[in-house]
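Here are a few short exercises to work through with the model in view. Try each task before you read its solution.

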Amino acid sequence: MVTTATPAAPRTAAHPGSGTGPCTAPAERTAPRAHEALRHLGPNWYASVMGTAIIANAGATLPYQLPGQRVVCQLLWALSAAALAVLLAARAGHWIHHRDQARAHLLDPAVAPFYGCLSMALLAVGGGTLLVGRDLVGQRAAVAVDAVLFTAGTAIGLLMAVVVPYLMVVRHKVEAAQATPVWLLPLVAPMVSAALGPLLVPHLPPGPPREAMLLACYALFGLSLLATLLMLPLVFGRLIAHGPLPLLLTPTLFLVLGPLGQSTTAVNQLADVAPLSIGSPYAGALGALAVVYGVPVMGFALLWLALSAAMLVRAARRGMGFAMTWWALTFPVGTCVTGAAGLARHTGLAAFAWLAAALFLALVTAWLLAAAHTLRGLSTGRLLAAPRTA
């Protein structure tokens with residue numbers, strides 16, 4: 001039962017394609033017609049691509065590697081790439097055949113932030129192509145694919161980081177009580193670019209091209225970090241002043257881990273390639289920044305993880321059902337895995353390696369739950385049915 005404030009109108013479009021938005025429930029349990037399924041396929045579905053790709057990326061960078069682990073990562077990367085291709089085609093059809101609904105999504109403050117997921121899905125699959133996909137497609141093809149996906153993802157991420165806040169200011173009628181972690185999504189996308197851009201640095205010509213990429217990634221890091229610091233007080237203030245989120249929105253609390261884990265990942269990844277890109281004394285200073293920044297932020301991430309987990313248990317006890325918001329339990333946790341792995345690499349402490357492994361187990365568990373329920377919802381048509389007001 002939802003007892004707190006819900007997103008502003010139009011509410012029936014909230015969390016499109018989920019069939020169970022913050023104030024919606026599935027209109028029917030039978031499979032919808034094809035055109036109706038396409039009509040209600042929202043941008044939040046890209047979160048499933050992100051959540052799948054991050055397992056491949058995190059698994060490939062874990063300090064501990066088990067026999068067959070890389071093969072599993074390759075399969076998950078291939079699955080995420082296939083899912084991305086299908087979703088890109090489906091979303092293109094959505095814009096072509098249901099432009100009115102697409103515009104309504106942009107004008108809905110509960111849905112518009114999910115447009116940042118497109119950028120992160122492109123970036124996550126692109127990064128995975130270089131990390132594990134190269135074993136299947138070859139080094140040259142992997143670099144080319146990642147370059148294209150990184151460029152497109154970064155451009156879209158920067159666009160959404162401007163467009164969505166602009167719409168929130170001039171078109172969306174929102175109040176402080178409506179603030180949710182979903183608002184962070186378009187602001188986190190540039191941080192994903194900052195974390196995955198370093199993978200391309202060794203493949204650039206030495207000298208100015210590498211330095212330009214390095215500094216551009218730090219600029220993306222700063223852009224996303226400062227924007228997130230502006231938005232986070234609104235989210236936390238809403239929780240303190242207005243109480244818990246609606247049950248189906250509770251998993252979105254884990255979205256706050258995204259900028260925390262991803263920024264830690266970014267500074268560690270950038271420190272790895274700094275000696276290849278920039279001279280002394282900056283390379284050494286950037287290496288120190290990875291630890292000086294990453295350790296405190298990881299500490300706060302663990303605090304927020306504990307708070308979010310407690311709220312999730314509370315919501316589950318009160319009857320929280322499945323919604324596509326469950327995918328919020330995957331990608332953000334995955335960024336903490338890569339962040340902890342980076343700190344283990346730069347500090348040499350086994351504690352961070354064990355932390356990365358423990359978080360990875362939690363990530364895999366969350367992915368299995370979200371994937372199983374998503375497949376079940378797709379098979380029955382519930383997730384693609386038109387939402388209605390609960």
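**Exercise 1.** Find out whether Ser308 is buried or exposed, and which residues Ser308 is in contact with.

Solution. Start with the accessible area: Ser308 has a relative value of 0%. Buried means under 20% relative accessible area and exposed over 50%, with partly exposed in between (1.4 Å probe, protein chains only). Ser308 is therefore buried. Next, place the residue: Ser308 lies in helix 10. Helices here are DSSP runs of H or I with at least four residues, strands are runs of E with at least two, and both are numbered from the N terminus. Finally, set aside neighbours within four places in sequence; Ser308 is then in contact (heavy atoms within 4.5 Å) with Leu253 and Phe254.

A word on the source: this is a predicted model, in which local features need pLDDT of at least 70 and side-chain atom pairs count only at pLDDT 80 or more, while totals for chains, interfaces and linings use all residues. Residues are numbered from 1 along each chain as its sequence is written, and side-chain values use heavy atoms, with hydrogens and water left out.

**Exercise 2.** Describe how helix 8 and helix 10 are arranged.

Solution. First, take the geometry: the axes of helix 8 (residues 208-242) and helix 10 cross at roughly 25 degrees and come within 15 Å. Axes are lines fitted to C-alpha atoms, for helices over the stretch in contact, and angles between N-to-C directions run from 0 to 180 degrees. Angles under 35 degrees count as roughly parallel, over 145 as roughly antiparallel, 65 to 115 as roughly perpendicular, and the rest as oblique. So helix 8 and helix 10 are roughly parallel. Then look at the residues that meet: helix 8 brings Leu214, Tyr218, Phe221, Leu225, Phe236 and Leu239, and helix 10 brings Leu286, Leu289, Tyr293 and Trp304.

**Exercise 3.** Work out which term fits the packing of helix 10 and helix 11.

Solution. Helix 10 (residues 282-317) packs against helix 11 (residues 331-347) at about 140 degrees, with the axes 10 Å apart. That angle makes helix 10 oblique to helix 11. Helix 10 contributes residues including Ala290, Gly294 and Met298 to the contact, and helix 11 residues including Cys336, Gly339 and His346.

**Exercise 4.** Say how many helices and strands the chain has, and what share of its residues is buried.

Solution. Counting elements gives 12 helices and two strands. Of the 390 residues, 57% count as buried.
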